[in-house]
Amino acid sequence: QYDYFLQEKENYEGDFAENRIDAEIVMAEIEQLEDPYKDILKLRLLEGFSHKEIADELEIKESTVRKYYSRSVKKIINVLKPLSQISVIAYLICIHT
């Protein structure tokens, strides 16, 4: 389900076993988000959609997608900080731009 995310993280981190654990933690946190945050993050991280493609898929403005995406990444980062998931936080910050 999250092969795209794992592949990208593997390219970024280089350690697949650690990345699988990190990805599972992130996926659990994403599942806790309410819509549309969850949908937007899944389309971006798991499916590799661009902001425009997400906007078209969800029939909302691209600026709205960017706003919700930014907020959802911040929510995930705030949850992961206490868990010391530094590699995931660094990855999310890198792909956030």
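Let me start where helix H3 touches helix H4: on the H3 side the residues are Ile-40, Leu-43 and Arg-44, and on the H4 side they meet His-51, Ile-54, Glu-57 and Leu-58. Sorted by class, that contact of H3 with H4 holds four nonpolar residues, one polar residue and two charged residues. Please keep in mind throughout that we are looking at a predicted model.

As for the geometry of this pair, H3, which covers residues 37-46, and H4, which covers residues 51-58, pack at an angle of about 135 degrees, and their axes are 10 Å apart. Angles from 65 to 115 degrees count as roughly perpendicular and those over 145 as roughly antiparallel, and the two helices are therefore described as oblique to each other. The crossing in which H3 passes H4 is right-handed. Between them, just after H3, comes Gly-48, and the phi of Gly-48 is positive, near 75 degrees.

Now let me stay with H3 but turn to its other partner, H5, which runs over residues 62-80. The axes of H3 and H5 come within 9 Å and cross at roughly 90 degrees, so these two helices are roughly perpendicular to each other. From H3, the residues taking part are Tyr-37, Ile-40, Leu-41, Arg-44 and Leu-45, and in H5 they meet a list that includes Val-65, Tyr-68, Tyr-69, Arg-71 and Ile-76. By class, the contact of H3 with H5 has nine nonpolar residues, one polar residue and three charged residues. If you compare the lists on your screen, you will find Ile-40 and Arg-44 on the H3 side of the contact with H4, and you will find Ile-40 and Arg-44 again on the H3 side of the contact with H5.

How much of H3 is buried, then? Eight of its ten residues are, so H3 is largely enclosed by the rest of the structure. Those buried residues are Tyr-37, Lys-38, Ile-40, Leu-41, Leu-43, Arg-44, Leu-45 and Leu-46, and I would point out that Lys-38 and Arg-44 are among them.

The third pair is H4 with H5, which pack at an angle of about 110 degrees with their axes 8 Å apart. That makes H4 roughly perpendicular to H5. Here His-51, Lys-52, Ile-54 and Ala-55 in H4 meet Glu-62, Val-65, Arg-66 and Tyr-69 in H5, and the residues of this contact divide into four nonpolar, one polar and three charged.

Next, the loops, where there are two backbone details to check. In the loop between H2, residues 16-32, and H3 sits Pro-36, and the peptide bond that leads from Asp-35 into Pro-36 is cis, with omega near 5 degrees. With a relative accessibility of 24%, Pro-36 counts as partly exposed. Along the chain, Pro-36 and Tyr-68 are 32 residues apart, while their C-alpha atoms are separated by 7.4 Å. Tyr-68 is also one of the H5 residues in the contact with H3.

The other detail is Glu-59, found in the loop between H4 and H5. Its phi is near 55 degrees, a positive value in a residue other than glycine. Is Glu-59 buried or exposed? Glu-59 is exposed, since its relative accessible area is 71% and the cut-off for that term is over 50%.

At the end of H5 we have Leu-80, which is buried, with a relative accessible area of 0%. Leu-80 lies 55 residues from Ile-25 in sequence, and the distance from C-alpha to C-alpha for this pair is 8.5 Å.

Let me finish with the chain as a whole. The protein chain has six helices and zero strands, and of its 97 residues, 38% are buried. Among contacts between residues at least 6 apart in sequence, 54% join residues at least 24 apart. The chain exposes about 5,600 Å², and carbon and sulfur atoms supply 48% of that area.

Methods:
Residues numbered from 1 in each chain as written. Predicted model: local features only at pLDDT ≥ 70, side-chain atom pairs only at ≥ 80, totals over all residues. Heavy atoms only, no water. Helix = DSSP H or I, 4+ residues; strand = E, 2+ residues; numbered from the N terminus. Buried < 20%, exposed > 50% of the residue type's maximum accessible area, 1.4 Å probe, protein only. Contact = heavy atoms within 4.5 Å. Areas by Shrake-Rupley, 256 points an atom, 1.4 Å probe, with all protein chains shown as cover. Axes fitted to C-alpha atoms, helices over the stretch in contact; angles between N-to-C directions. Parallel < 35°, antiparallel > 145°, perpendicular 65-115°, else oblique. Left-handed = near helix turned anticlockwise from the far one by under 90°. Nonpolar A, V, L, I, M, F, W, Y, C, P; charged D, E, K, R; others polar.
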